[in-house]
Amino acid sequence: LGERSFISRWADWQEGLWTLGWAMVGGAVGLSQKAWKVWLRLLLAEGVLVLGCWLLLAEGNVWVPWVPSAIALPAAAVTTQQVSKLRSALSKVSSS
């Protein structure tokens with residue numbers, strides 16, 4: 001290993017905050033009304049997530065949870081978008 005230190009990991013609560021943060025990013029992405037914008041922003045956010053995880057591992061020797069965040073990000077975006085569409089449809093029905 002030479003000069004490199006061992007890989008460390010965050011505490012469980014830090015990993016939870018990391019995943020929650022990416023889920024919140026996904027929720028913000030899902031607020032867009034156009035589906036193509038959501039998918040484009042999701043692709044960009046997933047790229048930033050992968051890059052961030054890789055940089056933390058390569059430069060900081062820290063293992064961060066990529067898979068839970070990679071699942072939470074699009075799940076939150078799709079859920080937010082569907083709830084927004086449902087609210088819009090319900091408000092149209094109730095106003096008529």
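The following legends describe close-up views of a predicted model.

**View 1. Salt bridges around Arg9.** The structure holds two salt bridges, and both can be followed from the side chain of Arg9. In one of them, Arg9 meets the side chain of Asp12 with an N to O distance of 2.9 Å. In the other, Arg9 is paired with Glu15, where the closest N and O atoms are 3.4 Å apart. Through these shared partners, Arg9, Asp12 and Glu15 are joined into one network. Side chains of opposite charge can pair when their charged atoms come close. The members of the network vary in accessibility: Arg9 counts as exposed at 51% relative accessibility, and Asp12 counts as exposed at 57%. Glu15, with a relative accessible area of 17%, is buried, because the limit for that class is under 20%.

**View 2. The aromatic cluster of Trp10, Trp18 and Trp22.** These three tryptophans form one aromatic cluster, and the count of aromatic pairs comes to two. The ring centres of Trp10 and Trp18 lie 5.4 Å apart with the planes at 70 degrees, so this pair is edge-to-face. For Trp18 and Trp22 the centres are 5.9 Å apart and the planes again stand at 70 degrees, so this pair is edge-to-face as well. An angle over 60 degrees between the planes is what places a pair in that class. Trp18 thus takes part in a pair with Trp10 and in a pair with Trp22. Along the chain, Trp18 and Trp22 are four residues apart within helix α1, which is about one turn of the helix. Trp18 is buried, with a relative accessible area of 17%, and Trp22 is buried at 13%. Trp10, by contrast, is partly exposed, with a relative accessible area of 21%.

**View 3. A nonpolar patch on the surface.** Trp13, Leu17, Leu20 and Met24 make up a nonpolar patch on the surface. Together these four residues present about 480 Å² of accessible area. Met24, one of the members, is placed in helix α1, which covers residues 12-29. The relative accessible area of Met24 is 57%, so this residue is exposed, the cut-off for that class being over 50%.

**View 4. Thr80 and its surroundings.** Thr80 has its place in helix α3, which comprises residues 67-95. At 22% relative accessibility, this threonine counts as partly exposed. Leaving aside residues up to four places away in sequence, Thr80 touches Gly27, Gly30 and Leu31. One of these partners, Gly30, lies 50 residues away from Thr80 along the chain, yet the C-alpha atoms of the two are separated by 5.2 Å. A polar atom of the Thr80 side chain also lies 2.7 Å from the backbone oxygen of Ala76.

**View 5. Gln82 in helix α3.** Gln82 lies in helix α3. Its relative accessibility of 44% makes Gln82 count as partly exposed. For Gln82 and Leu31, a separation of 51 residues along the chain corresponds to 9.4 Å between the C-alpha atoms. Leu31 is also among the residues that Thr80 touches.

**View 6. The backbone at Asn61.** Asn61 has a positive phi of about 55 degrees, although this residue is not a glycine. Most residues other than glycine have a negative phi, and most peptide bonds are trans. The residue is located in the loop between α2 (35-60) and β2 (62-63). With 12% relative accessibility, Asn61 counts as buried.

**View 7. Gly52 in relation to Trp10.** Gly52 has its place in helix α2. This glycine is partly exposed, with a relative accessible area of 22%. Gly52 and Trp10 are 42 residues apart in sequence, and 15 Å lies between their C-alpha atoms. Trp10 is also a member of the aromatic cluster with Trp18 and Trp22.

How values were computed:
Residues numbered from 1 in each chain as written. Predicted model: local features only at pLDDT ≥ 70, side-chain atom pairs only at ≥ 80, totals over all residues. Heavy atoms only, no water. Patch = residues over 30% accessible without salt bridge, like charges linked within 9 Å, V, L, I, M, F, W, Y side chains within 5 Å. Areas by Shrake-Rupley, 256 points an atom, 1.4 Å probe, with all protein chains shown as cover. Helix = DSSP H or I, 4+ residues; strand = E, 2+ residues; numbered from the N terminus. Buried < 20%, exposed > 50% of the residue type's maximum accessible area, 1.4 Å probe, protein only. Phe/Tyr/Trp six-rings, centres within 6.5 Å; stacked < 30°, edge-to-face > 60°. Contact = heavy atoms within 4.5 Å. Polar contact = N/O pair within 3.5 Å; in protein donor to acceptor, adjacent residues only side chain to side chain.
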